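Trainee: Could you teach me how to read the empty spaces and the sheets of a structure, one feature after another?

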There are 2 protein chains.
Amino acid sequence: MLSWIDGQDAAAVNLQNRGLAYGDGLFETIAVRGGRPSLLALHLDRLALGCQRLAIEADLTLVRNELLQFAQLLGDGVAKLILTRGDSQRGYAPVAGAQARRILQGSPLPAYPVANAEQGVRLFACQTRLAEQPLLAGLKHLNRLEQVLARAEWQDSTFAEGLMRDGQGRVIEGVYSNLFLVRDNVLLTADLSRCGVAGVMRAALLEQAALLGIPVQVRDLPFEMLEQADEVFVCNSVYGIWPVREIAALNWPAGPLTRKLQAVARTLLDT
Amino acid sequence: MLSWIDGQDAAAVNLQNRGLAYGDGLFETIAVRGGRPSLLALHLDRLALGCQRLAIEADLTLVRNELLQFAQLLGDGVAKLILTRGDSQRGYAPVAGAQARRILQGSPLPAYPVANAEQGVRLFACQTRLAEQPLLAGLKHLNRLEQVLARAEWQDSTFAEGLMRDGQGRVIEGVYSNLFLVRDNVLLTADLSRCGVAGVMRAALLEQAALLGIPVQVRDLPFEMLEQADEVFVCNSVYGIWPVREIAALNWPAGPLTRKLQAVARTLLDT
């Protein structure tokens with residue numbers, strides 16, 4: 001598959017790369033359709049926030065331009081963009097003024113079962129808890145061992161995703177998705193200031209809900225709120241929205257607000 | 001410098017490597033003197049524990065043999081060993097049965113000021129707190145953004161190390177060292193079951209203290225315990241032991257137990 005480092009064809013990265021050494025970097029997983037990256041502005045916004053919070057120096061105009069060129073060559077697929085804090089010798093100290101290394105990798109669009117979007121999905125209730133680290137919360141950084149451990153908890157393919165909670169048992173997100181609840185026509189999603197990844201589709205849906213006049217609350221979600229939910233769905237910037245029909249002993253229908261936002265998400269990904 | 005992947009000369013790693021993608025792996029930083037890796041058995045013990053806890057499949061006999069060969073070629077220096085959960089396509093799910101990728105990198109022994117060991121060091125009091133994640137605590141895994149953020153807090157080279165605390169303010173470790181206190185002739189070091197890296201020199205000193213009849217407590221260390229300490233030192237498997245003479249407004253002498261263990265550490269590293 002197509003892959004670039006700093007704008008050049010490359011399939012391997014220097015062993016001194018700080019992404020490998022420390023997970024010292026950020027990534028974005030971007031759906032590409034007809035040569036165009038979906039939700040580009042939101043992906044770049046999150047990347048800019050990540051660079052700012054981790055003090056990674058990157059030329060984001062160059063990143064954007066390379067991504068647009070890469071997407072054109074890719075056509076249809078997923079572009080994974082990794083920005084790492086360049087290379088360094090042994091030692092945690094960042095090299096002052098180092099420019100971020102830009103890695104782009106193409107892959108085919110994943111072939112998820114159509115039933116995921118139509119009938120909804122079962123979520124595995126993961127035991128792996130998300131640690132609370134406000135300095136990293138919300139970012140899509142390269143330190144992802146919690147997700148690896150959580151994803152390794154189930155092999156049964158009837159679970160399309162896993163539910164992740166924090167140390168207090170609060171509902172946070174899926175392993176590779178964000179999670180929303182609907183209760184009394186209010187859209188609820190977890191506050192991600194202590195842990196979790198603030199997904200680009202989550203951000204897009206929060207924007208769209210505001211435009212559509214749908215009341216939204218971003219707040220702590222104790223597990224009991226799942227029991228009280230009328231609808232539950234997961235989302236990400238590749239598959240859009242999947243209704244959640246089952247987590248452990250709990251069940252929900254694919255309700256009207258889920259279906260409405262699912263159509264919105266599809267439009268966002270297709271345009 | 002010398003570097004190998006899976007026993008072959010190589011300077012770059014495949015972009016699909018899960019170490020780069022997710023920090024999905026472990027590492028060891030091993031002092032090599034006269035072609036021999038120091039504290040080899042303890043390094044391999046920690047690696048085995050890490051592989052077990054992260055379910056990374058690795059042939060540790062092969063790892064050991066490669067490391068011995070690599071050390072012979074290196075002569076004097078530091079061998080950094082990285083084990084990653086092989087390669088995979090996009091997605092957190094580990095590939096069943098994947099063998100770990102073995103990466104070895106050589107570098108010169110760091111030229112620390114002699115005064116660090118002789119007069120002792122100042123520690124910067126880092127604001128970055130360690131998150132509590134019992135599933136990863138103790139391991140030297142590749143998710144090291146907290147250390148990168150902590151190390152970026154100071155540029156003043158009169159600080160040789162930084163003090164890291166957990167979210168409750170308890171004293172845990174240095175950025176690249178473990179920390180010990182001495183109080184009333186008892187050796188104290190932080191319990192690392194919620195966060196921190198269980199260093200190989202820490203393990204060696206705990207063993208040696210038992211042999212020497214020095215009472216040891218591995219326990220929670222509220223910040224007040226630093227104020228009450230008679231001696232403080234940091235240690236790792238490259239430099240051995242440095243007395244700590246200053247953290248913020250607190251000062252300690254390089255005391256007798258520190259000096260005794262410093263000699264022990266030197267012997268451990270030289271033999």
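Trainee: Which residues line the second largest cavity?

Mentor: Rolling a probe the size of a water molecule over the atoms shows where empty space is left. On a 1 Å grid over the protein atoms alone, a cavity is a set of points where a 1.4 Å probe fits but cannot get out, and its lining residues have an atom within 4 Å of a point. In this structure, the second largest cavity is lined from chain A by A:L15, A:Q16, A:A21, A:Y22, A:S88, A:Q89 and A:R90, and from chain B by B:K80, B:Q105, B:G106 and B:S107. This is a predicted model, in which local features need pLDDT of at least 70 and side-chain atom pairs count only at pLDDT 80 or more, while totals for chains, interfaces and linings use all residues. Residues are numbered from 1 along each chain as its sequence is written, chains are lettered from A and ligands numbered from 1 in the order in which they are written, and side-chain values use heavy atoms, with hydrogens and water left out.

Trainee: What volume does the second largest cavity have, and which element gives the largest share of its lining?

Mentor: A volume is the space filled by probe spheres set on the grid points, which are joined across faces, edges and corners, and here it comes to about 160 Å³. Helices (H or I, at least four residues) and strands (E, at least two) are DSSP runs, numbered from the N terminus. The largest share of this lining, 3 residues, comes from β7(B), and α1 (18-22) of chain A and β7 (101-107) of chain B each supply at least two residues. By class, the lining has 3 nonpolar, 6 polar and 2 charged residues, where Ala, Val, Leu, Ile, Met, Phe, Trp, Tyr, Cys and Pro count as nonpolar, Asp, Glu, Lys and Arg as charged, and the others, Gly among them, as polar.

Trainee: How many cavities of 30 Å³ or more are there, and what is the volume of the largest cavity?

Mentor: The structure holds 3 cavities of 30 Å³ or more, and the largest has a volume of about 440 Å³. Of the 35 residues that line the largest cavity, the closest to its centre are A:A131, A:L136, A:E146, B:A131 and B:E146. Its lining divides into 15 nonpolar, 12 polar and 8 charged residues, and α5(A) gives the largest share, 3 residues.

Trainee: By what turn can chain B be laid on chain A?

Mentor: Copies are superposed by least squares on the C-alpha atoms of residues with pLDDT of at least 70 in both. Here a turn of 180° and a shift of 0.0 Å along the axis lay chain B on chain A with an RMSD of 0.0 Å. That is the relation of a two-fold axis.

Trainee: In what order do the strands of the sheet in chain A stand?

Mentor: Two strands pair if DSSP finds at least two bridges between them. In chain A, 6 strands form an open sheet with antiparallel pairing, in the order β2-β1-β7-β6-β4-β5. At the edges stand β2 (8-9) and β5 (36-37) of chain A, each with a single partner strand, so one side of each is left without a neighbour in the sheet. Strand β4 (residues 25-33) of chain A pairs with strand β6 (residues 77-84) of chain A in the antiparallel sense over 8 bridges, and A:A31 stands opposite A:V78 in β6(A).

Definitions and conventions:
On a 1 Å grid over the protein atoms alone, a cavity is a set of points where a 1.4 Å probe fits but cannot get out, and a pocket is an open set with protein on both sides within 12 Å along at least five of seven lines; lining residues have an atom within 4 Å of a point.
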